Amino acid sequence: MPSQRQLRFGVNMFVPGSRREWSAKCRRAEELGFDVIGVADHLGFSAPFPAMLLAAEATERVRLNTFVLNTPFYNPVLLARDVASTDQFIDGRMELGLGAGYVKAEYDAAGMPFPSGGKRVEQLERTVTTLRSLFADKEYQPRPAQPSGPPLLIAGWGDRLLRVAAAHADIIAFPGGWASADGEDIHLAGAAQMEERLAYVRGLLGDRADAVELNLLVQQVIPPAEQSVMPDRFEPLPPDAAHSAEEIPSVLTGTPAEMAQQIEDRRERYGFTYFTVMEYNMENFAPVIAELR
């Protein structure tokens, strides 16, 4: 049964630039009808918290999120200060997105050990519980603008991480697949794999299922002129979509009207109501938002 939540649309920004360029991109995203501007957290990209503050100065309506923090990079107590300060300074427009990190080369570049997947998930859960505890303390300073802190988005695919998300998140984000061991390639999920992950999460959520928003990271938006093109980093395609990219849940193809119908289909079939596209797909996806509204 489809969720009755209103659809929301986000764009995940990551291309660095000058103050003027960044502000212009954020204003453009708001003009195009996006509800949320996300800031990715990878080395070589803009630092998330300064980017969010500048985005808030350049916009009026959109919410702003970290999509998503490489959580093991951060000391939880120091992160709480950054989160609370940012939420305070942007008047409560913040969502906090957390992930377990997956690109080994970034840890190598930072001179940090790359823990096992299980250890990274444990670090993420410690961070979540620390943030919740600190923000619940009425004496904690600085105070976030949102009384319990920003809504918490947790993104991931594996069992351990989804267990943490089901226990703690306000929003669970599905990246549309899983990363290779070194984090360099993305393996896109087919319909059957996506349905299995969602069934797993719903079983964990129990009575919380209706209270938790489900997000899908759209990996590719392919207009008609480009429908024969799929980036090499997504090969091989999942078995149940090997000959048809439109069968991949995290890929949208066709005209704006066709992609709008695909969004409605993904809400009906999987329960997604919050869709995030990559910065490079922002303009291609904007007509889809207009079509749906």
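How many positive and how many negative side chains does the protein chain have, and how far apart do the centres of the two sets lie? In this predicted model, there are 28 positive and 40 negative side chains, and 6 Å separates the centres of the two sets.

A look at the overall fold comes next. The protein chain is built from 9 helices and 13 strands. Its C-alpha trace spans about 55 × 40 × 40 Å along the principal axes. For a compact globule of 293 residues, a radius of gyration near 19 Å would be expected, and the 18 Å of the protein chain agrees with this. Of the contacts with a separation of 6 or more, 74% join residues that are 24 or more positions apart.

Surface and interior can be taken together. Buried residues account for 54% of the 293 residues in the protein chain. The accessible surface amounts to about 13100 Å², and carbon and sulfur atoms contribute 52% of that area.

Helix α2 gives a helpful close-up of the interior. This helix covers residues 48-58, and because 8 of its 11 residues are buried, α2 is largely enclosed by the rest of the structure. Here, buried means under 20% relative accessible area. The buried set begins with Pro48 and Phe49, continues through Ala51, Met52 and Leu54, and is completed by Ala55, Ala56 and Ala58. What lies over these residues? The cover of the buried residues of α2 includes two helices, α1 (19-31) and α3 (76-89), together with the strands β2 (36-39), β3 (63-66), β4 (69-70) and β5 (94-99).

Terms used
Residues numbered from 1 in each chain as written. Predicted model: local features only at pLDDT ≥ 70, side-chain atom pairs only at ≥ 80, totals over all residues. Heavy atoms only, no water. Helix = DSSP H or I, 4+ residues; strand = E, 2+ residues; numbered from the N terminus. Rg over C-alpha atoms; globule rule 2.2 N^0.38 Å. Buried < 20%, exposed > 50% of the residue type's maximum accessible area, 1.4 Å probe, protein only. Contact = heavy atoms within 4.5 Å. Areas by Shrake-Rupley, 256 points an atom, 1.4 Å probe, with all protein chains shown as cover. Lys, Arg positive; Asp, Glu negative; His and termini not counted. Charge placed at Lys NZ, Arg CZ, Asp CG, Glu CD.
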